[in-house]
Amino acid sequence: MYAIIDNGNKQYKVAEGDLVKLEKLTANEGEEVSFKVLMVSDENGIKVGADVANAKVTATVVKQDKAKKIIVFKYKAKKNERKKQGHRQPFTAVKIEKIVL
């Protein structure tokens, strides 16, 4: 059984027990959060729309962290113009506990 959830204008395919890195949430470690469900697939088939209006995916926040650093380097040839910048995107790691229809 798996579900498609919506978070931060992105969609994620999750199943019970999965550890997923999402866009940063305003929740502390150990708190329980729930997500909007767009689709559920189980042994009876696929359910979307009004069939999943009451569906719920609950998860526990495992970690608030930042991703690996990426380097942004802008350069213009023959102009002595260089700009080096680093970026670490914040994320929230959650463990999917239950998918309830």
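A salt bridge is a side-chain nitrogen of Lys or Arg within 4 Å of a carboxyl oxygen of Asp or Glu. In this predicted model, Lys76 and Glu81 have side chains that meet in such a bridge, at 3.6 Å from N to O. The count of salt bridges comes to four. The points below cover these pairs, the nonpolar core, a surface patch, two residues with positive phi, and two further residues with their contacts.

**Salt bridges**

- Lys76, one partner of Glu81 in a salt bridge, is partly exposed, because its relative accessibility is 47% and the partly exposed class runs between 20% and 50%.
- Glu81 falls in the partly exposed class as well, with a relative accessible area of 42%.
- Lys63 and Asp65 form another of the salt bridges, and their closest N and O atoms are 3.7 Å apart.
- Lys63 has a relative accessible area of 37% and is partly exposed.
- Asp65 also counts as partly exposed, at 33% relative accessibility.
- Asp42 and Lys47 are joined through their side chains in a salt bridge with an N to O distance of 3.5 Å.

**Asp42 and its surroundings**

- Asp42 is part of strand E4.
- Asp42 is buried, because its relative accessible area is 14% and the buried class lies under 20%.
- The side chain of Asp42 also makes a polar contact with the side chain of Lys47, at 3.5 Å.
- Beyond its neighbours within four places in sequence, Asp42 is in contact with Met1, Lys47 and Leu101.

**Nonpolar core**

- The largest nonpolar core holds 20 residues, and those with the most contacts inside it are Val14, Phe35, Val57, Val94 and Ile96.
- Two or more core residues come from each of strand E1 (2-7), strand E2 (10-15), strand E3 (19-23), strand E4 (32-42), strand E6 (56-66) and strand E9 (90-100).
- E4 gives the largest share of this core, four residues.
- Val94, with residues up to four places away in sequence set aside, touches Asp18, Leu19, Val20, Leu22, Leu25, Phe35, Ala59, Thr60, Val61 and Val62.
- Phe35 thus appears both among the core residues with the most contacts and in the list of residues that Val94 touches.

**Surface patch**

- Ile71, Phe73 and Tyr75 make up a nonpolar patch on the surface, and together they have about 350 Å² of accessible area.
- Tyr75 belongs to strand E7, which covers residues 70-76.
- Tyr75 can be part of a patch because its relative accessible area is 48% and patch residues need over 30%.
- By the same value of 48%, Tyr75 is classed as partly exposed.

**Positive phi**

- Most residues other than glycine have a negative phi.
- Asn9 has a phi near 60°, a positive value in a residue other than glycine.
- Asn9 sits in the loop between E1 and E2, and Asn9 is exposed at a relative accessible area of 80%.
- Lys78 has a positive phi too, near 65°, and is likewise a residue other than glycine.
- Lys78 is found in the loop between E7 and strand E8 (81-87).
- Lys78 is exposed, because its relative accessible area is 83% and the exposed class lies over 50%.

**Arg88**

- Arg88 lies in the loop between E8 and E9 and is partly exposed, with a relative accessible area of 40%.
- The side chain of Arg88 reaches the backbone oxygen of Ala67 at 3.1 Å.
- Outside its neighbours within four places in sequence, Arg88 is in contact with Lys66, Ala67, Lys68 and Lys69.
- The C-alpha atoms of Arg88 and Ile71 are 9.2 Å apart in space, and the two residues are 17 residues apart in sequence.
- Ile71 is also one of the residues of the nonpolar surface patch.

**Ile46**

- Ile46 is located in strand E5, which covers residues 45-48.
- Ile46 is exposed, with a relative accessible area of 57%.
- Ile46 touches Met39, Val40 and Ser41 when residues up to four places away in sequence are left out.
- Ile46 and Tyr2 are 44 residues apart along the chain, and their C-alpha atoms are separated by 9.7 Å.

Methods
Residues numbered from 1 in each chain as written. Predicted model: local features only at pLDDT ≥ 70, side-chain atom pairs only at ≥ 80, totals over all residues. Heavy atoms only, no water. Patch = residues over 30% accessible without salt bridge, like charges linked within 9 Å, V, L, I, M, F, W, Y side chains within 5 Å. Areas by Shrake-Rupley, 256 points an atom, 1.4 Å probe, with all protein chains shown as cover. Buried < 20%, exposed > 50% of the residue type's maximum accessible area, 1.4 Å probe, protein only. Core = buried A, V, L, I, M, F, W, Y, C linked by side-chain atoms within 4.5 Å. Contact = heavy atoms within 4.5 Å. Polar contact = N/O pair within 3.5 Å; in protein donor to acceptor, adjacent residues only side chain to side chain.
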